[in-house]
Amino acid sequence: MHGKKMLIVGGSSGIGLRLAMDAAAGGADVTITSRDEGTAATRAAAAGALVRAARADLGDEESIRALAEWVGELDYLVSMAADHANGAVTGLDREEVTRAFDAKVIGPILLAKHFAKRLRPDGAILLFSGVAAHRPAPGLAVMATINGAAEYLAQALAVELAPLRVNALSPGIVDSGSWDAMGKDKDRFFAETAARNPARRIGQPADIAAAALLALTNPFLTGTTLHVDGGGRLA
Ligand SMILES: NC(=O)c1ccc[n+]([C@@H]2O[C@H](COP(=O)([O-])OP(=O)(O)OC[C@H]3O[C@@H](n4cnc5c(N)ncnc54)[C@H](OP(=O)(O)O)[C@@H]3O)[C@@H](O)[C@H]2O)c1
């Protein structure tokens, strides 16, 4: 990581923030983004002196273009953002579905458009998928679809942008903070999930950050999806 420049889009919380801290501890120059400038600045300050902040909204191409211009040359680009449109397909709201596609599919396509020429040839892009693509459940149709699309996008970009490497990482259920809204139900959900997972545990942000660093730095890894899900897609 020493001397490498990394951008984590949607890295203002959970897994992204942990990756930012671990990469910065290894000597990387890291920038995290949020849709809110103040949030990005606060979270970057909490992550340490080496982490910088910027604003970007993957639903707004102008913000992506401006971010690319501000960042300049880059070694590693991570698209961590996720927006959710969960619920029965019969009740889905079109705007929410569009925002979910912006965060995981259209936004990453626009990131590739604006950053491809700025990424160094031995650099890498990492997109984020998720176990819902491989273990669909009622109410998760949009999540399953956008995660699957992110994996196919990584394959397509790996071919088109070669020798730049492009991969996807598919986490299982991770205690990243994004489940905290479940309140008391979170503990029961985590216990049930851990009992079913072959790894018999819930993932931690550090587990995913370690795998992300591997995907970004292994020079022979491209066009693939790393499943870091405790085997959850098989259970
Ligand atoms: N946690 C899990 O159990 C789990 C499971 C499977 C997959 N994953 C995937 O792993 C990744 C990280 O998960 P996480 O739980 O740490 O984070 P998360 O809470 O799912 O989301 C990450 C961040 O994305 C940003 N974001 C949302 N819409 C955006 C947009 N239009 N443009 C730019 N940024 C946007 C938000 O930051 P701001 O509000 O600050 O803009 C949000 O904090 C996600 O892609 C998630 O789907 C997580």
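This report describes three neighbouring topics in a predicted model: strand S1 and its pairing, two buried residues in strands S2 and S3, and the surroundings of the ligand.

## Strand S1

Strand S1 covers residues 5-9, and 5 of its 5 residues are buried, so the strand is largely enclosed by the rest of the structure. In a regular strand, side chains alternate between the two faces of the sheet. In S1 both faces are covered: Lys5, Leu7 and Val9 are buried on one side, and Met6 and Ile8 are buried on the other.

S1 pairs with S2 in the parallel sense, over 4 bridges. Within this pairing, lysine 5 has aspartate 29 of S2 as its bridge partner.

## Threonine 31 in strand S2

Strand S2 spans residues 29-34 and includes threonine 31. The relative accessible area of threonine 31 is 3%; because buried means under 20%, this residue counts as buried.

Neighbours within four places in sequence being left aside, the contacts of threonine 31 are Met6, Leu7, Ile8, Arg52, Ala53, Ala54 and Trp70. Among them, Met6, Leu7 and Ile8 are also buried residues of S1.

## Alanine 54 in strand S3

Alanine 54 belongs to strand S3, which runs over residues 51-55. Its relative accessibility is 11%, so alanine 54 is likewise classed as buried.

With neighbours within four places in sequence again excluded, alanine 54 is in contact with Thr31, Ile32, Thr33, Ser34, Ala40, Leu67 and Trp70. Thr31 thus appears in the contact list of alanine 54, and Ala54 in that of threonine 31. Trp70 is in contact with threonine 31 and with alanine 54. A longer separation is found between alanine 54 and alanine 215: these residues are 161 residues apart along the chain, and their C-alpha atoms are separated by 24 Å.

## The ligand and its shell

The ligand is surrounded by 26 residues, of which the closest are Ser12, Ser34, Lys104, Ser176 and Trp179. The shell consists of 11 nonpolar, 12 polar and 3 charged residues. Ser34, one of the closest residues to the ligand, is also in contact with alanine 54.

Several polar atoms of the protein lie beside oxygen atoms of the ligand. A polar backbone atom of isoleucine 15 is 2.9 Å from a ligand oxygen, and a polar backbone atom of methionine 80 is likewise 2.9 Å from a ligand oxygen. For serine 178, a polar side-chain atom is 2.9 Å from an oxygen atom of the ligand. Taken alone, the ligand exposes 880 Å², and the protein buries 88% of that area.

Terms used. Residues are numbered from 1 along each chain as its sequence is written. This is a predicted model: local features need pLDDT of at least 70, side-chain atom pairs count only at pLDDT 80 or more; totals for chains, interfaces and linings use all residues. Side-chain values use heavy atoms; hydrogens and water are left out. Helices (H or I, at least four residues) and strands (E, at least two) are DSSP runs, numbered from the N terminus. Buried means under 20% relative accessible area, exposed over 50%, partly exposed in between (1.4 Å probe, protein chains only). Contact means heavy atoms within 4.5 Å. A residue is near a molecule or strand if one of its heavy atoms lies within 4 Å of it. A polar contact is a pair of N or O atoms within 3.5 Å; within protein, one must be able to donate a hydrogen and the other to accept it, and residues adjacent in sequence count only if both atoms are side-chain atoms. Accessible areas come from the Shrake-Rupley method with a 1.4 Å probe; for residues, only the protein chains shown count as cover. Ala, Val, Leu, Ile, Met, Phe, Trp, Tyr, Cys and Pro count as nonpolar, Asp, Glu, Lys and Arg as charged, and the others, Gly among them, as polar. Two strands pair if DSSP finds at least two bridges between them.
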